[in-house]
Amino acid sequence: MPITPATATHSSSNGTAEAILLELVDEKGMTTGTAEKLAAHQPPGQLHRAFSVFLFDERGRLLLQQRALGKYHSPGVWSNTCCGHPYPGEAPFAAAARRTYEELGVSPSLLAEAGTVRYNHPDPASGLVEQEFNHLFVGLVQAPLAPDEDEVASTAFVTAAELAERHARDTFSAWFMTVLDAARPAVRELTGPSAGW
């Protein structure tokens, strides 16, 4: 994983990872404290700040990622381009750009805020709970991908019609449709009416 200013403070001097803290929030998205990442996802879940990124190519196709099989939460499922959690005190926009680069090896050529959505999605497979106040971002990707295999098993660019077919056939993250539906107004503004989003 590339060491960036944000991640450098979350690695110990001997190279072992310290506990990752998430920012806990209230129903309005105001910070109330912190919790260790896994603890925040234990049932019933603690409401915490998250982000979801939707990147599109020049043809208006959405970049999906299949989460790596080694991930402890929702392994092997398809989801949006990138999602994750800002570190405490890290701006969601900065976290979204950072994690997109860390996971996919590419920086968006455009990234814009697309609102927020609050949800509670249990994951039946892992028993964990996504209790999140999620900041949404849409943007463009115009460079070749270089996914980190520890994070991403596969990627695919899909049209709206192809996504509908894939969603009916493949397993997607519990939160995927919630965040996509919340981001749709910004997606349509970005991609135009002909893309069909």
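Which side chains does a polar contact of 3.0 Å join? In this predicted model, the contact links the side chains of His-85 and Glu-132, and the side chain of His-85 makes a further polar contact, of 3.5 Å, with that of His-41. His-85 is placed in the loop between strand E6 (82-84) and helix H3 (92-104). With a relative accessible area of 14%, His-85 falls under the 20% limit and is therefore classed as buried. When neighbours within four places in sequence are left aside, the residues in contact with His-85 include Leu-22, Lys-37, His-48, Arg-49, Phe-51, Arg-98 and Glu-130. Asp-57, by contrast, lies 28 residues from His-85 along the chain, and the two C-alpha atoms are separated by 24 Å.

The confidence of the prediction has a mean pLDDT of 90 over the protein chain, and 91% of the residues score at least 70. Residues 1-15 stay under a pLDDT of 50, although the model has 22 contacts beyond four places in sequence for this segment. Where pLDDT is low, the predicted coordinates should not be read in detail.

The largest nonpolar core comprises 25 residues, of which Phe-54, Leu-62, Leu-64, Leu-163, Phe-176, Val-179 and Trp-197 touch the most other members. At least two residues of this core are supplied by each of strands E3 (48-56), E4 (62-67), E7 (110-122), E8 (129-140) and E9 (152-158), and likewise by helices H4 (160-169) and H5 (176-191). Helix H5 provides the largest share of the core, namely six residues. Apart from this core lies another, of 13 residues, which includes Phe-51, Leu-63, Ala-96 and Val-152. In soluble globular proteins, nonpolar side chains tend to be buried together. Beyond its neighbours within four places in sequence, Trp-197 is in contact with residues that include Phe-56, Leu-62, Val-158, Leu-163, Arg-184, Val-187 and Thr-191.

Helix H5 departs from a straight course: the end C-alpha atoms of its 16 residues are only 19 Å apart, short of the 22 Å that a straight helix would reach at 1.5 Å a residue. A kink of about 55 degrees is located at Arg-184, shortly before the proline Pro-185. Arg-184 is also one of the buried residues of H5, among which are Phe-176, Val-179, Leu-180, Ala-183 and Val-187. The cover over the buried residues of this helix includes E3, E4, strand E5 (78-79), E7, E8 and H4. Just after H5, Gly-192 adopts a positive phi of about 85 degrees.

For helix H3, the expected and modelled spans agree, because its 13 residues should cover 18 Å at 1.5 Å a residue and its end C-alpha atoms are 18 Å apart. The buried residues of H3 include Ala-95, Ala-96 and Leu-104 as well as Arg-98, Arg-99, Glu-102 and Glu-103. Gly-105, which follows H3, has a positive phi near 70 degrees.

Ser-52, placed in strand E3, is buried, with a relative accessible area of 0%. Not counting residues up to four places away in sequence, Ser-52 touches Asn-80, Cys-82, Cys-83, Asn-134, His-135, Leu-136, Phe-137 and Val-179. Ser-52 and Ser-79 are 27 residues apart in sequence, and their C-alpha atoms are 9.7 Å apart in space. In the loop between helix H2 (37-41) and E3 lies Pro-44, which is joined to Pro-43 by a cis peptide bond with omega of about 5 degrees.

Technical notes
Residues are numbered from 1 along each chain as its sequence is written. This is a predicted model: local features need pLDDT of at least 70, side-chain atom pairs count only at pLDDT 80 or more; totals for chains, interfaces and linings use all residues. Side-chain values use heavy atoms; hydrogens and water are left out. A nonpolar core is a set of buried Ala, Val, Leu, Ile, Met, Phe, Trp, Tyr and Cys residues joined through side-chain atoms within 4.5 Å. Buried means under 20% relative accessible area, exposed over 50%, partly exposed in between (1.4 Å probe, protein chains only). Helices (H or I, at least four residues) and strands (E, at least two) are DSSP runs, numbered from the N terminus. Contact means heavy atoms within 4.5 Å. The expected span of a helix is 1.5 Å times one less than its number of residues. The bend at a residue is the angle between axes fitted to the seven residues ending there and the seven starting there. A polar contact is a pair of N or O atoms within 3.5 Å; within protein, one must be able to donate a hydrogen and the other to accept it, and residues adjacent in sequence count only if both atoms are side-chain atoms. pLDDT is the predictor's confidence in each residue, from 0 to 100.
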